Amino acid sequence: MHIDSKLPKVGTTIFTRMSQLAAEKNAINLSQGFPDFDSPRELLERVNFYLQQGLNQYAPMTGAPSLRQAIAEKTQRCYDVLPDAESEITVTSGATEAIFAAISAVIRQGDEVIVFDPAYDSYEPAIELNGGTAVHLQLNSGDFSLPLDTLAQAINTRTRMVIINSPHNPSGAVLSETELDGLEKLLAGTEILLLSDEVYEHIYFNGSQHHSVLTRPALASRSFVVSSFGKTLHTTGWKLGYCVAPEALSKELRKVHQYLTFSSVHPMQCAVADYLQTHPEHYLQLPAFYEAKRDLFCSLMQKSRFKFSTTAGTYFQLMDYSAIDDQKSDIEFADWLTEQGVAAIPISVFYQQPPAQKLIRFCFAKEDNTLEKAAEILCKI
């Protein structure tokens with residue numbers, strides 16, 4: 001049977017491939033971005049509570065009311081903005097679903113969507129499946145900041161959406177107030193929408209802060225802002241996320257969401273709602289929690305031949321391997337490195353036109369002893 005693929009360029013994701021390779025080679029998996037430690041005990045206990053209470057049928061399509069209210073209050077606590085829990089917050093089956101639903105809701109044949117490389121791999125397939133074209137711009141080399149001048153030149157009458165991601169995967173860069181100022185000026189007076197991927201919103205370092213698009217009324221009024229409980233609560237396997245957007249945009253997103261997943265796991269939604277209300281310190285202390293892991297991993301890697309500057313956000317650390325091997329591509333080096341005992345992600349897969357840099361991405365969302373064992377192997381290379 002011949003199938004004319006709608007996504008001819010898409011194969012198995014690099015994250016799946018590297019995790020499978022790590023398992024085959026019995027390597028320490030610092031590739032795919034998930035913790036090797038469990039979520040908070042109190043949260044798990046609340047899930048069990050609701051399982052036993054019979055909340056095992058469909059949740060409301062837009063999300064359990066208690067969770068949407070908890071999200072609204074969390075948003076106000078963090079950003080001094082109170083979205084309407086009924087009309088502006090939608091709970092989704094992971095951030096990836098929210099991103100797909102947002103793109104599907106507003107992108108039509110012939111529309112252009114601007115993405116910044118290195119870009120997370122789910123953006124372009126969602127754009128293409130809806131008849132749009134992804135326009136790739138490269139983040140500034142070195143600091144991975146927004147190329148505002150290049151963006152200004154790329155915007156035209158076909159531009160329907162711009163996608164930003166901060167804290168940024170894979171670089172760890174965090175958008176500044178100045179960058180948001182520039183973005184706001186460029187989009188003023190246009191009908192261009194903004195999709196802000198903020199799944200690492202609580203993982204930033206060095207005394208900085210996350211500047212959410214929600215704090216900018218001129219941007220928030222045109223934005224889908226996507227977050228993830230998987231990243232915040234160490235529960236990536238639950239696939240629980242949400243989108244905050246103005247009522248008109250939320251209405252369109254929900255039209256897609258109701259036919260995509262309809263709703264997410266009910267007892268987990270209610271458990272997360274309780275946990276957010278009773279343990280706000282969890283996400284407030286998350287920057288310090290992950291900064292300690294970053295500092296441990298980077299201090300251990302000082303003895304290695306990898307070159308790096310400590311990441312500003314996310315639980316990922318980029319490292320330059322050119323002093324070890326300046327001939328292998330990053331994909332070849334990542335495969336070879338897995339053979340040595342540690343799996344990482346090559347970042348060329350995040351680009352349409354990969355740069356010449358020799359960079360790979362390590363995930364440090366791991367137990368301290370996991371990081372110590374990985375660093376011991378890496379320092380011997």
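## A walk from salt bridges to a buried helix

Start by selecting Asp368, which is partly exposed at a relative accessible area of 37%. Here buried means under 20% relative accessible area, exposed over 50%, and partly exposed in between, with a 1.4 Å probe and protein chains only. You are looking at a predicted model, where local features need pLDDT of at least 70 and side-chain atom pairs count only at pLDDT 80 or more, while totals for chains, interfaces and linings use all residues. Residues are numbered from 1 along each chain as its sequence is written, and side-chain values use heavy atoms, leaving out hydrogens and water.

Now add Lys293, which counts as buried at 7% relative accessibility. Asp368 and Lys293 form a salt bridge, with their closest N and O atoms 2.9 Å apart. Because Asp368 sits in helix H15 (residues 368-378) and Lys293 in helix H13 (residues 286-301), the pair ties together parts that are 75 residues apart in sequence. A salt bridge here is a side-chain nitrogen of Lys or Arg within 4 Å of a carboxyl oxygen of Asp or Glu, and the count by this rule is 19. Helices (H or I, at least four residues) and strands (E, at least two) are DSSP runs, numbered from the N terminus.

Next, select Glu339 and Lys25, a salt bridge whose closest N and O atoms are 3.4 Å apart. This pair links distant parts of the chain, 314 residues apart: Glu339 is in helix H14 (residues 330-340) and Lys25 in helix H1 (residues 14-25). Lys25 is partly exposed, with a relative accessible area of 37%.

For a pair within one helix, move to Arg41 and Glu45, whose closest N and O atoms are 2.6 Å apart in a salt bridge. They are separated by about one helical turn because they lie four residues apart in helix H2 (residues 41-52). Arg41 is exposed at 52%, whereas Glu45 is partly exposed at 42%.

Then pick Glu177, Asp181, Glu184 and Arg216 together: salt bridges link them in a network.

Finish at helix H11 (residues 266-278), where eleven of the 13 residues are buried, so the helix is largely enclosed by the rest of the structure. Among the buried ones are His266, Met268, Cys270, Asp274 and Tyr275. Show what they pack against (contact means heavy atoms within 4.5 Å): H2, helix H3 (65-79), strand S2 (89-92), helix H9 (229-232) and helix H12 (281-284). The end C-alpha atoms of H11 are 19 Å apart, which agrees with the expected 18 Å, that is, 1.5 Å times one less than its number of residues.
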